[in-house]
Amino acid sequence: MLTCLALVAFNVASLSDIPKMSSDLEAEARALATVNEISSDFVSRIETFSADAQRLSASLGSAGVGQDMPCIFQGIASDAHARATDFVAADTQAAQDTAFMNFRVLMEDAAMLAPLAAGAAAERADERNIALR
């Protein structure tokens, strides 16, 4: 919970930016899940993905989109960073296979949850619009 509260300090996007951020994150999760070889570029892409998930989390939190969704994407960001570390440390085929299996599960989750984040942001925008009337 404290981790989620710390998100306020992050650079956040506006509520209207969240659907595109979510869509981009989903697309990158799907693309990353297809990679079959460990390389420095792949690890760098995972770190970028982690930072993007962190920004989405912070933006969701700043926009007031409940507590669950920001925390979910905070977890995805943290897990992606850990998976990048797993790939760097994977020095056997078994370790690489395990790293890819765990990473693909995370990417599937991220791809599935990203549209829900966009939907939650849209609901929050509607709530704000109704309140302004």
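**Helical architecture of the predicted model**

Five helices and zero strands make up the secondary structure of the chain. The model described here is predicted. Along the sequence, the elements follow the pattern α-α-α-α-α. The chain has 133 residues, of which 36% count as buried. Among contacts between residues at least 6 apart in sequence, 77% join residues at least 24 apart. The surface exposed by the chain amounts to about 7300 Å², and 55% of this area is supplied by carbon and sulfur atoms.

Helix α3 was examined for its length and its buried positions. This helix covers residues 40-62, and its 23 residues should span 33 Å at 1.5 Å a residue; the C-alpha atoms at its ends are 33 Å apart, so the expected and modelled spans agree. The buried residues of α3 are F42, V43, I46, F49, S50, A53, Q54, L56, S57, A58, S59 and L60. In an α-helix there are 3.6 residues a turn, so residues three or four places apart point the same way. Just after α3, G64 adopts a positive phi of about 80 degrees.

A further buried position is found in helix α2, which comprises residues 18-32 and contains S22. The relative accessibility of S22 is 1%, and S22 therefore counts as buried, the cut-off being under 20%. When its neighbours within four places in sequence are left aside, S22 is in contact with L56, A114, A117 and A118. Of these partners, L56 is one of the buried residues of α3.

Terms used. Residues are numbered from 1 along each chain as its sequence is written. This is a predicted model: local features need pLDDT of at least 70, side-chain atom pairs count only at pLDDT 80 or more; totals for chains, interfaces and linings use all residues. Side-chain values use heavy atoms; hydrogens and water are left out. Helices (H or I, at least four residues) and strands (E, at least two) are DSSP runs, numbered from the N terminus. Buried means under 20% relative accessible area, exposed over 50%, partly exposed in between (1.4 Å probe, protein chains only). Contact means heavy atoms within 4.5 Å. The expected span of a helix is 1.5 Å times one less than its number of residues. Accessible areas come from the Shrake-Rupley method with a 1.4 Å probe; for residues, only the protein chains shown count as cover.
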